[in-house]
Every structure is written in C-alpha cells, then in structure tokens.
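Student: Could you take me through a close look at how the parts of this structure meet? I would like to start with one interface and then go on to some helices.

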There are 4 protein chains.
Amino acid sequence: MTSFESDYNNGAHPAVLKHLIETNDQQSQSYGFDQWSESAREKIRQACQCPQADIFFLAGGTQTNATVIDATVANYEGVLATTTAHINVHESGAVEAFGHKVITLPSHNGRMSAIDLISFLRAFYDDPTYEHMVLPGMVYITFPTELGTLYTAEEIEHIYKICKGYNLRLFIDGARLGYGLASDECDFDLAWLAAHCDVFSIGGTKMGALCGEAVVFPQGNAPRHFLNIVKRHGALLAKSRVAGVQFDALFTDGLYMQIGRHAIEMAMRMQRIFAKHGIKLSQSSTNQQFAELTQRQMDELSQYVSFETWEPIDSEITLCRFVTSWATTDAHLDTLRKALEKMSRETDRGAM
Amino acid sequence: MTSFESDYNNGAHPAVLKHLIETNDQQSQSYGFDQWSESAREKIRQACQCPQADIFFLAGGTQTNATVIDATVANYEGVLATTTAHINVHESGAVEAFGHKVITLPSHNGRMSAIDLISFLRAFYDDPTYEHMVLPGMVYITFPTELGTLYTAEEIEHIYKICKGYNLRLFIDGARLGYGLASDECDFDLAWLAAHCDVFSIGGTKMGALCGEAVVFPQGNAPRHFLNIVKRHGALLAKSRVAGVQFDALFTDGLYMQIGRHAIEMAMRMQRIFAKHGIKLSQSSTNQQFAELTQRQMDELSQYVSFETWEPIDSEITLCRFVTSWATTDAHLDTLRKALEKMSRETDRGAM
Amino acid sequence: MTSFESDYNNGAHPAVLKHLIETNDQQSQSYGFDQWSESAREKIRQACQCPQADIFFLAGGTQTNATVIDATVANYEGVLATTTAHINVHESGAVEAFGHKVITLPSHNGRMSAIDLISFLRAFYDDPTYEHMVLPGMVYITFPTELGTLYTAEEIEHIYKICKGYNLRLFIDGARLGYGLASDECDFDLAWLAAHCDVFSIGGTKMGALCGEAVVFPQGNAPRHFLNIVKRHGALLAKSRVAGVQFDALFTDGLYMQIGRHAIEMAMRMQRIFAKHGIKLSQSSTNQQFAELTQRQMDELSQYVSFETWEPIDSEITLCRFVTSWATTDAHLDTLRKALEKMSRETDRGAM
Amino acid sequence: MTSFESDYNNGAHPAVLKHLIETNDQQSQSYGFDQWSESAREKIRQACQCPQADIFFLAGGTQTNATVIDATVANYEGVLATTTAHINVHESGAVEAFGHKVITLPSHNGRMSAIDLISFLRAFYDDPTYEHMVLPGMVYITFPTELGTLYTAEEIEHIYKICKGYNLRLFIDGARLGYGLASDECDFDLAWLAAHCDVFSIGGTKMGALCGEAVVFPQGNAPRHFLNIVKRHGALLAKSRVAGVQFDALFTDGLYMQIGRHAIEMAMRMQRIFAKHGIKLSQSSTNQQFAELTQRQMDELSQYVSFETWEPIDSEITLCRFVTSWATTDAHLDTLRKALEKMSRETDRGAM
C-alpha cells in the first residue's frame with residue numbers, strides 16, 4: 001500500500017546509498033574525524049556561507065535537541081518553546097532528563113509569536129520573585145514547524161533581535177529544514193538562516209539519509225568541550241562515517257535542496273487533489289499536509305493509502321497527516337487521487 | 001511598620017519557641033530518630049487517624065516537593081499540575097533538576113479541574129504516539145492553592161478517583177495546610193484529607209515554626225529507601241530535633257489548628273475592612289487576601305503597612321497580597337483600617 | 001597505511017551492506033516496528049535460545065549502557081563496575097548524567113572478581129550508615145573486557161549468583177561480544193550467556209555494522225515503558241530499519257560468529273608474529289592485542305602500520321593496542337610482520 | 001548515658017539559643033535578606049578579612065556540597081575527591097543526582113596528596129582519549145577530614161597552586177571547620193584559609209547551631225544567579241533568619257573559635273585518658289577521636305558511654321569514634337575515665 005505516513009518510512013536516497021557503497025572499503029578515523037565528515041562540513045560551510053562554522057553530526061533528532069540545549073544553556077536555565085514544540089510534546093522529556101525546564105508560550109499554528117515572547121520576557125524580569133523561577137536561556141523554534149507552517153524572514157529577525165536583547169540564544173530545529181527552505185512561501189535561504197540564529201540543525205533522517213543530523217554553530221561558536229557533551233549524551237558515533245558519508249552526498253551538487261523541492265512539488269499537487277474533492281486542509285506550505293476527514297472518509301481512504309491520524313478536531317472530524325518526501329512519486333499521488341475519486345462517487349451515490 | 005507581606009516574616013510561635021528552649025539541654029539521636037520526632041509522628045498519626053502512617057520531617061517546602069515527587073514517580077514519568085502551581089512557577093526548576101517534567105493543566109483560580117484532568121488523560125492514552133511522550137505519574141495539587149482558594153471534599157474525591165483509575169499518585173502540597181483546614185469554607189478535616197490522597201505535606205514554616213515540613217504517607221506507603229532519597233536530595237537534617245521539637249509543639253493540644261483559626265479570623269476581618277472601603281478582593285477564603293489597588297492606593301497604603309505586589313491586572317490596577325498568620329493582631333488590622341480610612345478621606349477630598 | 005587502530009575504522013561487512021542495498025526500496029514502519037527489526041529479533045531469539053526475549057536496537061554503545069542502566073536501577077541506586085570499566089572511564093559521565101553513581105571495584109586485568117564483589121556487599125550492608133550511601137542496584141561487566149580478557153563460565157555464574165542473593169541485576173556489556181564468544185578460551189556460547197544475566201548487549205558497530213547495538217532482556221524482562229525511556233535518552237531511531245536491516249544480516253547464516261572467528265584467528269596470528277620478535281603482549285585472548293613497545297619501536301613501526309597508544313607502563317615502555325576485525329586480511333598481517341622484521345634487523349645493526 | 005556518638009546530638013549552644021529567643025518577636029525579610037543574615041555576613045567577612053566575600057546560608061551539609069559543586073562546575077565536569085570524602089561515601093549520591101561524577105584519588109588518612117593530584121592531571125591531559133572522559137572541574141577537600149586529620153598550610157598551598165594551573169576550582173568543605181582551626185596542629189587561621197581557595201563552607205550544625213552552613217566565596221566570586229541555583233536545589237530557607245540569627249551569634253565575640261578550642265581541649269584530654277589505658281588511637285588532632293577496641297572492650301565501655309563503631313580493622317579490632325563538642329564537659333570525660341578504669345581492672349582480674 002502507498003504510505004503517506006511519514007518522511008522516514010523509506011530507505012536512503014539513491015545518491016546517498018551510492019556514496020555509502022563507493023566509500024565502504026576505505027578505512028577512516030572515527031568519532032567525527034573521518035574524511036567524509038570533514039568533506040561534508042566543508043560543503044555545508046559553503047552552502048551556509050559560514051567559513052568559520054563549527055559542525056557536528058549526531059545520529060537522531062531528539063538527541064540533537066537535548067544535546068544542543070544542554071550544551072548551550074546553564075543548568076539553572078530553561079528553554080522557551082511553543083506548547084506544540086517537538087521538545088515539549090514528543091521527546092519523552094529528554095530536555096528535562098538533563099535538568100532543563102521547557103517554558104511554554106502559545107502556539108500560533110506551530111509558530112512562536114515575537115509579541116508573546118517579548119511580553120513574557122518583560123513580565124518575567126518585572127516579577128520581583130524571578131530568583132525563584134527558571135531563568136530563560138534559549139528560544140527554540142522549529143523550521144518548518146511541527147504543523148508544516150513557516151516563519152517569514154521578518155518574523156525570525158524579530159525573534160532573534162529580542163533574543164539578543166535578553167541574552168537568549170536562538171536555536172532553530174531544522175529536522176525538515178530542506179522542506180521548509182524549498183517551500184514557495186519561504187523568503188530566505190540557508191545562508192540567511194545561518195546568519196540569524198546562534199545554532200541550528202540540518203535534518204538528514206527525513207531528507208533522504210538513513211540517519212544523521214548536522215548541528216551548525218554558524219559563527220564558530222560551539223560551546224567549549226562540545227565533543228565531551230555529545231559523548232555524555234551518548235550521541236557520539238564511533239563510526240562517524242555513517243553520518244559523514246551521507247551528509248557528504250546530501251550536500252554534493254545541491255542534492256539537499258533538490259530533495260526539498262521535489263517533496264514540495266508533490267505536496268502542492270496533493271493539496272490541489274484534496275481541494276478538488278472539497279477536503280479542507282489546515283495551513284501548511286511544506287511537505288506535511290493535514291486534511292480534515294470524517295471517520296467514513298478515513299475508512300475509505302485507508303483501503304488505498306496509509307496516513308497518520310493527528311488529532312481529533314471535534315466529534316466528527318479528525319485531522320490526518322499526509323507526508324511527501326524525496327521518495328514520493330506521481331504514481332503515489334495518482335493512487336491518492338483515485339482513492340478520493342472513488343470516495344466521492346460513493347458519497348454521491350450515498351447522497352442520492 | 002506593620003507587615004502583611006507573608007506568613008514567614010516572623011519568628012516562631014511562642015509555644016514552639018518554648019519547646020525548643022525546654023528541650024535544648026537533652027541529648028538525642030540524629031537523622032530523624034530523635035525522641036521529639038518520634039513523639040511528633042505519633043501525634044500527627046493521631047490527628048490524621050492514620051496509625052500506620054509513615055512520616056518524615058524535611059527543612060523546606062521546595063525540597064519537600066522535589067523529594068516526594070522524585071521518590072514517587074518513575075524517572076520517565078512527569079507530574080500533572082496547574083499552570084499556577086508552585087512547582088511549575090516558583091521552585092526554580094527543582095522538579096526538572098531531578099529529571100521530571102511538570103505537565104500543565106489550566107488553573108481555575110489556582111485549582112485543577114477534574115474535567116480537565118480526565119480530558120487530558122483520555123486524550124493522552126488515545127494518542128498513538130504516547131510512547132514518545134512523558135507519561136503522567138502523579139497529580140500535584142496545593143491546599144490551599146497559591147491563590148488562597150480551596151477544593152471541596154467532592155472535588156478532591158473526584159480527582160482522587162481519577163488518579164486511581166489511571167494509576168496516578170495524588171500528592172497534596174499543604175505548605176499552608178492549617179490555614180486551609182481552618183477556613184469556614186472547608187468541608188473536611190485532616191483525617192478526611194489523609195484518607196483521600198497518597199501523600200501530603202503539613203507545612204510548618206508558614207504555620208508558626210522556624211523551619212520544617214512534615215511529609216505523610218498515610219497508608220504506611222512510603223517508597224522503599226525513602227531516607228536514602230531524602231539524603232540524596234540534601235534534605236536529611238542531621239539535628240532532626242530542630243524539626244521534631246517544633247512539630248511536637250505544633251501538634252500538642254491542637255495548636256496547629258488554633259494557629260489556623262486565628263489567622264483565618266484575622267483574614268475575614270481584613271476582608272470586611274477592605275470591603276467597607278470599596279476595595280475589590282479576588283476570591284480567597286484563607287489567610288492570603290488579594291486586593292485590587294491602583295498605583296495611588298498602593299503608594300498611600302504603603303506609608304503605613306507593607307504588602308506584596310502580586311501581578312498586574314491591567315494598566316491601572318495591580319493585584320496586591322495581604323497575608324495574616326498566627327502573629328497577626330487586632331492592632332495590625334487597626335493600622336490597616338486607619339490607613340484605608342485616611343486614603344478614602346483624601347480620595348474624597350481629591351474628588352471635590 | 002594499514003591500520004590496526006580499532007575495529008570501527010572500516011565500513012560495513014559486505015553482507016551487511018548488501019542487505020542495506022537490497023532492502024532500500026521498500027517502505028517500512030519506524031521506531032522499531034519495521035519488518036527487518038522484527039526479523040532480526042526473531043533470529044537473535046533463536047541464537048540465544050530465548051523465545052521470550054525482549055530485544056531493542058539502539059544506535060551506539062554509550063547510549064546503550066546509559067539507557068539500560070537508567071531503565072533498570074532505581075534513581076537512588078548505583079551500578080558496580082571495575083575501575084577500568086568503559087562506563088567508569090570512557091563515557092564522559094553518561095551514567096552520572098542520569099543521576100547514577102558508578103561504584104568502583106578493583107580491576108583484575110579488566111575483570112571484576114566475585115570475591116571483591118561479595119566482600120563489598122557484606123561490608124556495605126554491615127555498615128550502619130548505609131542509609132547515607134548509594135545503594136548498589138546493578139553489576140556491570142564487559143565481555144570481553146576493555147583489556148581483551150574474558151570471564152569463564154564459572155566466574156560469571158559466581159557473580160550472577162551473588163547478584164541474585166543481593167537483588168542486584170547483572171548487565172553484560174557485549175560491545176565486542178562476538179570477538180569474546182569466538183575466542184578459543186571462551187567456555188560458553190550465546191545461549192549460555194543469555195541464561196546467566198538479566199540483560200546484555202550485542203555490539204554491532206565493532207562487529208561489521210555501520211552502527212547499532214542490540215539490547216536483550218532474555219527472560220522477556222524489559223522494564224515497563226522501556227521505549228519511552230529509550231526515547232528520553234535520545235536513543236530511539238526513527239528509521240529503525242538502519243539497525244534492523246544490519247542485525248538481520250549479522251544474524252543470518254551465522255555471520256556474527258563467523259566475523260568473530262575470523263578476527264580471533266587474525267589476532268592469534270598477530271600474537272605469534274609479535275612473540276617471534278620478542279615483543280611482550282599483555283594477556284588477551286580476543287581481537288584486541290596490547291604490545292609493550294619502546295618509543296623507538298613505536299616510531300619505526302608507525303612508518304608502516306598505525307595503532308593506538310594505550311597507556312604508559314614506565315618511563316621507557318608504552319602499552320600499544322593492535323586490533324583485528326572482520327576486515328583484517330593476511331596482507332595486513334604480512335605488513336606488520338615485515339615491519340617487525342625490518343625493525344629487528346635495524347636493532348641488530350644498531351647493536352653491532 | 002553520656003554520648004560521644006557525634007557533635008550533632010545536642011541542642012543549640014546557649015548563646016545561639018539566647019539570640020533566637022531575643023530576636024523572635026521581630027519581623028524580618030525572608031530568603032536571605034533578613035537583618036541577622038546581613039549582620040552575620042558582615043561579621044564573617046571581618047573574621048575572614050574578605051570585605052568583598054559573597055556569603056550564603058543553607059540548611060545542611062550535603063545540600064551545601066551538592067549546591068556549591070553544581071553551581072561551580074560545568075555539567076560535563078566532575079569533582080576530584082579522595083575515596084573517603086564525604087561526597088563520595090556518605091551523601092547518597094547527591095553530587096551524581098545533579099549529573100556530576102566524583103572522580104576519586106587515594107585517601108591518605110583522609111587527605112588528598114598534591115602528588116596524586118598532579119599525577120592524575122598530567123596523565124589525564126596526556127591521554128588522547130580525554131574527550132571521552134569526564135573533565136575535572138573542581139578539587140574538593142575537607143578540613144578537618146572525615147578522619148579528623150588536617151592539612152598543613154603548605155599542603156593546601158600546593159593543592160591550590162595545582163588547581164590554578166589546571167583551571168580547577170578549590171572547594172574546602174568546613175562542616176567542622178572550627179574544630180580544625182582550633183587544633184594545636186593547625187598552622188593557619190580563617191583569613192589565611194579564605195585566601196587559599198575559591199569557595200569554602202563554615203559548618204554550623206556541628207559547631208553549636210541547630211542547623212545551618214555558611215557558604216563563602218571569598219573574592220566575591222559567587223556564580224551568576226547563585227540564589228536561583230540554591231532554590232533549584234531546594235536549599236533556600238524561607239525564614240532565612242533561622243540560619244542568620246544563629247550565625248550572627250556564632251560570629252559574635254569570637255564564639256565560633258571558642259567552641260572549637262573547648263572541644264579540642266576536651267579531645268586532647270580524651271586522648272590522654274585512652275593512652276593511659278593502652279588504647280591505640282588513630283591519628284587525629286581534632287574533635288573526632290578514633291579508638292581501636294576489641295569486642296569485649298566495646299561491650300564493657302558501652303555500659304557507661306555511647307559511641308559509634310566506625311569500621312572493622314581486622315577480625316578482632318574495631319575502630320570506634322568518640323566525638324567531643326562545645327557541649328562536652330569534664331563530667332563526661334570523667335565518666336569515660338571511670339569506665340576505662342573499671343574495664344582495666346576487670347581485664348587484669350580476667351588475666352589473673
């Protein structure tokens with residue numbers, strides 16, 4: 001069955017797999033010092049236009065978030081995030097496991113608002129009891145968000161400016177970064193992003209790698225002894241080549257952005273297919289599309305395609321997630337289209 | 001100046017001090033095994049009608065909360081609390097320091113609603129991704145709440161029943177327990193409370209002691225090796241007599257409840273005084289009263305009495321906290337009354 | 001240059017790589033529920049003769065150790081290990097990061113002695129102050145040890161019996177398990193091991209995989225909510241297939257033990273080559289050989305082969321590590337042999 | 001029965017109790033800002049000749065150690081201590097609970113040796129794998145040590161110089177500081193000590209207070225946001241006056257050192273009494289004396305005086321601890337003397 005469940009339900013992008021195969025017989029250093037990690041770092045520095053960036057490769061997203069946060073804030077500091085943020089909801093308390101509070105702000109369809117942020121900070125430092133509170137040390141945002149939405153350059157600039165004013169570091173979780181940058185609605189590129197935060201990640205797992213996330217400190221501003229911290233988090237790959245080789249492939253000849261653009265193109269076609277059948281989609285301009293379906297629609301569609309139920313909207317309607325990726329093909333979308341057509345015909349018949 | 005700032009701004013209740021003096025020359029065991037701790041435990045067991053209760057004395061409130069929570073939930077479990085809960089706002093992340101997430105539910109004037117709780121739990125276990133989330137292991141409520149409000153017996157019963165259904169432990173933080181139980185609006189007593197939760201604390205610091213909080217596991221259900229856990233939290237008093245002697249005094253001849261009733265009586269008089277001058281108070285039937293004052297009113301009153309600013313209501317009005325305790329006297333209230341009368345006269349004059 | 005630096009300086013074993021290639025185009029479930037993880041689990045259960053075993057795949061060794069320990073001991077419990085244990089020396093405090101003390105016993109060439117263990121436990125529980133101490137909750141041993149040595153079946157039986165008597169769980173870290181089981185000196189097999197501990201790991205990274213370690217709870221005794229704990233440690237692979245496919249290959253047609261036997265054969269040849277040139281080796285019957293070299297010998301050898309300096313023995317002699325693996329060839333050993341011969345000739349010449 | 005079990009088995013020193021009584025009726029600020037804490041801080045600054053010192057009062061010793069260490073080292077750093085150090089043995093893992101490893105060096109009758117320290121540090125930074133290890137961030141020593149021994153000024157100077165060379169902070173745990181400074185063998189005073197470390201504590205609980213320890217950062221070098229850290233550790237006293245008043249008394253008219261000298265005088269008399277009866281004492285020049293007793297001697301003595309068994313020496317002899325304090329009187333020592341005389345007579349009789 002055609003699966004739209006996630007962007008991590010397939011293997012490696014062919015070019016990534018090819019690079020794993022062609023490098024397999026070579027020996028290498030370990031723990032991040034292999035030749036492909038070095039090469040990948042150089043390519044990422046060029047793509048970010050940050051010749052001095054410090055770059056590290058970790059295996060997974062949750063460990064990347066927990067490690068970056070723990071390395072960057074003091075032990076008495078917490079991290080500001082929206083209520084829907086991945087670190088607040090779907091990481092089983094990995095941030096708290098290292099002693100840091102996730103301080104929540106409202107989620108505006110996945111996004112943090114600069115107004116909410118500045119209001120929180122002003123009230124916090126006006127409060128005479130703030131010595132009894134967790135000090136905010138970092139702002140964590142996701143790009144794209146967990147709900148497929150995007151920040152504009154202006155919004156990020158605003159947040160980053162507030163961060164600087166309050167001595168907060170800004171961390172942008174880019175687990176699906178390429179799908180955000182490739183969106184038609186994105187008004188900046190990788191180099192701009194790198195210049196507007198203190199640290200960000202470039203997701204590999206959801207962008208064609210088998211595993212691996214890159215952590216970028218764009219101004220060469222990695223915390224002291226970051227490798228020890230990575231190791232302490234159990235996040236230092238012995239055969240670091242497994243991540244290095246894959247990122248080396250992803251950042252060769254613009255593959256990373258190609259993957260992003262392909263998935264976005266597929267997602268936009270998917271939007272039109274849903275729209276044609278009167279299915280309401282929540283706002284998303286990236287590779288995750290959220291459709292509002294009745295139980296009957298879910299039952300019928302799931303005979304042909306698989307997808308994830310996201311959350312109930314009301315007693316009748318459920319939000320369902322349909323995800324595209326580098327691996328999505330025209331044939332997959334045709335299957336979806338036909339399933340919708342069949343569903344519509346039967347609904348019409350039912351209505352007669 | 002007369003201070004209504006807090007219930008921890010004075011020394012020990014005279015009877016508590018007297019007991020410290022009269023026992024000072026005796027030698028004792030340490031680490032909780034002194035004779036006064038034993039005696040205090042026995043008196044608390046009687047007051048709670050829990051002959052089998054396990055009881056421990058710790059120095060302070062935040063360490064009591066962090067220790068009880070950490071001892072009672074698994075490391076992958078979090079604790080449910082309202083957004084205004086002391087553990088969520090005013091403990092500098094002590095719960096998170098031991099790796100546990102505070103999962104927040106809405107605050108209804110300080111209270112958790114059973115409806116919110118059951119809704120959260122149903123949605124949680126319906127969510128297919130709950131293996132990526134922090135499991136709820138405990139419900140934490142305060143009695144009275146941080147805002148001076150109370151739960152009814154029915155409300156606590158409802159919450160406790162839900163806890164049992166979902167294998168959650170119920171912890172009632174009683175840092176000001178006596179002021180809650182003594183309120184006219186409270187429809188249960190200490191013994192009832194002890195029968196309707198898994199663990200609760202009896203605050204001493206705010207009820208006439210210099211320091212000290214009692215932790216009660218009413219069914220003799222203290223976690224295994226609880227003393228090691230207390231020690232690990234840096235919360236095991238070497239000269240445990242300092243807490244034991246004070247609680248021994250507080251639970252002799254009903255002193256604990258006397259202290260509570262006196263403070264409540266003073267608080268009710270205070271309410272009437274404010275009301276007479278048209279000052280709006282937020283709902284509170286305990287020893288913390290929250291008055292809505294303009295900046296001008298705050299300035300004038302603070303020439304005669306001191307109090308705490310709690311939080312801004314709008315651009316003109318600030319919520320201010322006035323607290324009574326065992327040490328509040330008629331003279332203190334007279335000072336407040338006169339200050340209000342003077343303020344009213346001047347306002348009248350200003351209005352002419 | 002021929003490298004004997006480690007067993008993680010090469011790519012994947014050809015059969016592992018082949019399985020990654022042939023499965024790449026298939027879609028799969030994630031987070032451990034993919035078809036290859038299921039298949040690998042079934043094969044490991046058969047190899048262990050533990051039909052009821054709970055098995056999980058994590059990315060790396062340090063995260064495996066930290067996760068298993070944290071999941072298995074209470075928060076007030078520590079883990080007993082030798083002073084040379086990996087968790088005590090080379091994991092940057094990952095165990096302590098989750099709040100657990102590593103309590104050390106003497107290292108007997110890498111091994112823990114049952115006598116030391118029982119002596120410690122008796123003294124511990126005789127000590128009236130043990131409520132002020134970290135309670136021992138687990139024994140951690142490595143097989144083979146960090147120094148290439150092995151435990152006999154009798155030694156493990158003895159330790160496991162002590163563990164049962166004191167309610168300690170026994171965890172055997174098998175990061176190089178196959179190289180230990182394949183040693184001529186090993187007097188038991190995988191099924192025996194699985195029956196003589198509470199949990200053990202099967203290392204993939206050093207045995208031919210690109211990454212991945214299997215955690216086995218042989219009696220189906222995985223801690224409750226183990227997946228949440230894995231996630232909390234940042235150790236849950238989204239594309240779990242990357243580990244599942246590799247272990248599926250490693251446990252097909254006895255590959256895991258073949259890899260072990262090949263490396264041991266190479267190591268024994270290496271022993272003979274060193275011995276022939278009068279180089280003293282520390283006791284090791286596995287794939288890690290430790291040679292005592294002078295600075296001059298190190299300088300000369302390192303022109304032809306690379307290896308790791310382990311630790312200084314005295315002012316003249318340094319212990320150096322030479323490691324074989326599935327990837328070591330006769331040609332590699334010939335290079336070593338020639339380098340030693342050349343060194344000997346020059347030493348003879350120098351001596352004339 | 002006369003108890004020599006500990007220096008925390010009695011009430012408060014009369015002068016301390018008197019100050020608690022005479023200040024009881026006054027109102028005060030809380031959380032460290034009360035007038036007596038301010039006064040005590042000023043007196044301690046004078047006693048230390050450190051006008052710029054930052055001083056904080058916490059309730060107990062273990063929480064003081066855990067808080068100071070956690071506030072002063074980075075999360076990836078550990079603390080160097082001897083194997084017999086209180087933080088390594090008797091704090092139930094409070095240091096590890098906050099994620100820090102205790103890295104042990106040999107104990108020389110309780111003391112750390114500068115030679116061991118420098119050897120460890122050189123080897124550590126020579127080790128190419130140190131990025132996989134816990135970085136040393138602090139040296140923790142106790143004065144006097146857990147075994148009643150002392151460091152000379154020269155020894156502390158040597159250790160402090162090494163600390164500076166390796167960017168380690170030096171923390172001196174002075175839970176019994178006064179008993180060390182008052183010893184005849186101590187060749188420095190409080191002001192000298194304050195000039196030769198980065199942070200130290202002044203114990204109150206064992207020196208005549210009911211509870212309370214002072215933390216001194218002599219160069220005004222308290223870590224940023226130290227109050228938040230104290231609160232996060234559950235160590236911030238609401239009624240801080242309980243510690244402030246007591247330290248105010250202890251540092252008035254030289255009481256702290258008087259208490260020390262009295263206990264030392266008593267301990268030296270005790271030494272002579274034991275010596276007269278041929279009882280061997282382990283080296284200690286402070287208020288804790290350790291006597292080597294047979295089981296028979298222990299049985300007979302314990303009819304008249306109580307003491308602590310410390311640890312078995314061999315199958316026949318047990319080390320037993322006899323402690324003096326400000327509360328020890330001539331009458332107590334006479335009881336001990338008579339008990340020893342009676343024991344000797346019966347031994348003589350038994351020998352006839």
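Tutor: Happily! Chain C and chain B bury about 1900 Å² between them, with 51% of that coming from carbon and sulfur atoms. Buried area here is the accessible area, found with a 1.4 Å probe, that two parts lose on being put together, summed over both. This is a predicted model, in which local features need pLDDT of at least 70 and side-chain atom pairs count only at pLDDT 80 or more, while totals for chains, interfaces and linings use all residues. Residues are numbered from 1 along each chain as its sequence is written, chains are lettered from A and ligands numbered from 1 in the order in which they are written, and side-chain values use heavy atoms, leaving out hydrogens and water.

At this interface, 19 residues of chain C touch 19 residues of chain B, where contact means heavy atoms within 4.5 Å. The rule finds zero salt bridges across it; a salt bridge would be a side-chain nitrogen of Lys or Arg within 4 Å of a carboxyl oxygen of Asp or Glu.

Now set that beside chain A and chain C. Here about 3700 Å² is buried, 53% of it on carbon and sulfur atoms. Tyr8(A), Gln27(A) and Lys239(A) supply 19% of what chain A buries against chain C, more than any other three residues. The contact involves 44 residues of chain A and 44 of chain C, and the salt bridge count is zero.

Next, look inside chain A. Helices are DSSP runs (H or I, at least four residues), numbered from the N terminus. Helix H6 (residues 114-126) and helix H7 (residues 153-165) of chain A have axes that come within 9 Å and cross at roughly 15 degrees. H6(A) is therefore roughly parallel to H7(A), since angles under 35 degrees count as roughly parallel, over 145 as roughly antiparallel, 65 to 115 as roughly perpendicular and the rest as oblique. Such axes are lines fitted to C-alpha atoms, for helices over the stretch in contact, and the angles run from 0 to 180 degrees between N-to-C directions.

Which residues meet between H6(A) and H7(A)? Ala114(A), Leu117(A), Ile118(A) and Leu121(A) in H6(A) face His158(A), Ile159(A) and Ile162(A) in H7(A). By class, that contact has six nonpolar, one polar and no charged residues. Ala, Val, Leu, Ile, Met, Phe, Trp, Tyr, Cys and Pro count as nonpolar, Asp, Glu, Lys and Arg as charged, and the others, Gly among them, as polar.

How values were computed:
Helices (H or I, at least four residues) and strands (E, at least two) are DSSP runs, numbered from the N terminus.
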